[in-house]
Amino acid sequence: MHEIMEFDDFLHRLVMPRGMVGDPFELIIELTTEEPFKSSVTLLDAVCVGVNGITAVLNETKDSLIITGMPESEGVLSVSLEYKLGGDDPLYSILPDIFITPDPKTLWKNIPPDPDAPYQVTEHDCGLITSPQKTVVAASKRGRSHAHDGRFREDHFRLEYLPESGWYIVAVSDGAGSAEFAREGSRIACSTFCSELSKYLTDTPDSDDSAIMNAVLKAAYQGMADIHAEAKNAATPVRQFSATLLGYVMRKFAGEWLIISFGVGDGIIGLMDTDDKLHLLTVPDGGEFVGQTRFLTMNEVWQNSPQKRVRKLRIKDFRFMMSMTDGVSDPKFETDLRLNDEKLWQALWEDLASSVTFAAKSENTAQELCAWLDFWSRGNHDDRTITIAY
């Protein structure tokens, strides 16, 4: 009797892992390897109840218990064990409970935004421009946290291509989550940046580098001015339209690409050349507090050498160039320091290529990119926007 109580106590002291709905579960318990029961225990049967999709199996030699399967529902899994301990009579015991938790992805709600609110936007958007030289594909998607609360997608992007001169113009913007009309601020930032540069590069497509750099800065500045104008028109503080801006123009001249970029706020623009060397074309802004950044409408952006935010790169060719809001860069790179890691950029490209048919260069390519933005990353549920030139 003492030995039975000891074994029963041993079973109840087992530490059982948690499982999750939809995740493969396997637990191997080698009961007969434990002293002093090593030679006296014979396992006879085991039964699982409480959660569908999980079974208990004894191995061929009846000395190990395998609990395995794919949990189909949340709940408490109970495993009853039948065994012999020295004698001929079967004994019964119940193992400690195994808790199966729900898949966190299923807990998120998808609440539509207020249809009567101003500045309506779609919950997702995608687009593509292509030419014999390069293709640029883009996608933007409302984050789970915004969908759960019934808020709008605050990110935007815009793509332009001037076929007469071969100029590409690309912009992405992340509206501040705490700003009521950030979605309009981000839309204006992208729209003005691209439209201003489209006008300039149509009129003077062969300007020198310094003139184009100045035009890029002016386009960003005009975006800031246009946001201020809309805030005034709406009789709303401009901070309610706060948004970042990452933008660039590029064109191939005499066998090499000229790329001029501008950046304010978080997110990143990065390029991988044909020698697999990484070039960062913006520097993320950090604020005084964790998670804080700078926005296009902040005075400090324009009072502290804004020309430093414009960068130029001349390069023979590149494999890919990505611009992304922090909804993508945070889960994929985690810290600003890791943005310099070429292996992480290559891993991101390979991850994308496994889901997106880049070679097709079609509307389906853009839709696949939008679907990719739904990737799961614990704790990272912000709006996500990315553009990829390749």
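Here is a walk through this predicted model, from a small three-stranded sheet to a five-stranded one and on to a pocket and a cavity.

Let's start with the smaller sheet. Three strands make an open sheet in the order 2-5-4, and the pairing is antiparallel. Strand 2 (25–29) and strand 4 sit at the edges with a single partner strand each, so one side of each has no neighbour in the sheet. On average, neighbouring strands here are turned by 15° against each other, if you ignore direction. Strand 2 and strand 5 are held in antiparallel register by five bridges, and one place to look is Ile29, which stands opposite Leu65 in strand 5.

Leu65 is worth a pause. This residue lies in strand 5, and its relative accessible area is 0%; buried means under 20%, so Leu65 counts as buried. What is Leu65 in contact with, leaving aside neighbours within four places in sequence? The list runs to Leu27, Ile28, Ile29, Leu43, Ala46, Ala56, Val57, Leu58, Val79, Leu81 and Leu95. For a sense of scale, try the pair Leu65 and Ser323: they are 258 residues apart in sequence, and their C-alpha atoms are 51 Å apart in space.

Step back one residue and you are at Ser64, in the loop between strand 4 (54–58) and strand 5 (65–69). Is this loop residue buried or exposed? Ser64 has 7% relative accessibility, and because the cut-off for buried is under 20%, Ser64 counts as buried. Not counting residues up to four places away in sequence, Ser64 touches Ile29, Glu30, Leu43, Val57, Leu58 and Asn59. Looking further afield, Ser64 and Leu245 are 181 residues apart along the chain, with 59 Å between their C-alpha atoms.

Next, have a look at strand 8 (residues 98–101). One face of strand 8, with Ile98 and Ile100, is covered, while the other, with Phe99 and Thr101, is uncovered. Strand 8 pairs with strand 1 (residues 19–20) through two bridges, and those two strands run parallel. In that pairing, Gly19 has Ile100 as its bridge partner. Strand 8 also pairs with strand 6 (residues 75–85), this time in the antiparallel sense and over three bridges. There, Leu77 stands opposite Ile98.

Now move along to the five-stranded sheet. This one is open too, with the strand order 11-12-13-14-17 and antiparallel pairing. Its edges are strand 11 (155–162) and strand 17 (310–315), each of which pairs on one side only. Direction ignored, neighbouring strands in this sheet are turned by 10° against each other on average. At the strand 11 end, eight bridges link strand 11 to strand 12 (residues 167–174), and the two run antiparallel. If you want a pair to click on, His156 stands opposite Ser173 in strand 12.

Two helices lie across this sheet. Helix 3 (residues 182–203) crosses strand 11, strand 12, strand 13 (245–253) and strand 14 (256–264), and runs at about 165° to strand 12. Helix 4 (residues 209–233) lies across strand 12, strand 13, strand 14 and strand 17, running at about 30° to strand 14.

Finally, the empty spaces. How many cavities of 30 Å³ or more does a search of the whole structure find? Just one turns up, and the space in this largest cavity comes to about 50 Å³. Its lining is made up of Lys141, Arg142, Gly143, Arg144, Leu373, Asp374, Asn380, His381, Asp382 and Arg384. Sorted by class, that is one nonpolar, three polar and six charged residues.

The second largest pocket has a volume of about 230 Å³. Lining this pocket are Lys105, Trp108, Lys109, Asn110, Glu123, His124, Lys141, Arg142, Gly143, Arg144, Ala147 and Asp374. By class, the pocket lining divides into two nonpolar, three polar and seven charged residues. Compare the two linings and you'll spot shared names: Lys141, Arg142, Gly143, Arg144 and Asp374 appear in both.

How values were computed
Residues are numbered from 1 along each chain as its sequence is written. This is a predicted model: local features need pLDDT of at least 70, side-chain atom pairs count only at pLDDT 80 or more; totals for chains, interfaces and linings use all residues. Side-chain values use heavy atoms; hydrogens and water are left out. On a 1 Å grid over the protein atoms alone, a cavity is a set of points where a 1.4 Å probe fits but cannot get out, and a pocket is an open set with protein on both sides within 12 Å along at least five of seven lines; lining residues have an atom within 4 Å of a point. Grid points are joined across faces, edges and corners, and a volume is the space filled by probe spheres set on the points. Ala, Val, Leu, Ile, Met, Phe, Trp, Tyr, Cys and Pro count as nonpolar, Asp, Glu, Lys and Arg as charged, and the others, Gly among them, as polar. Two strands pair if DSSP finds at least two bridges between them. Helices (H or I, at least four residues) and strands (E, at least two) are DSSP runs, numbered from the N terminus. Axes are lines fitted to C-alpha atoms, for helices over the stretch in contact, and angles run from 0 to 180 degrees between N-to-C directions. Contact means heavy atoms within 4.5 Å. Buried means under 20% relative accessible area, exposed over 50%, partly exposed in between (1.4 Å probe, protein chains only).
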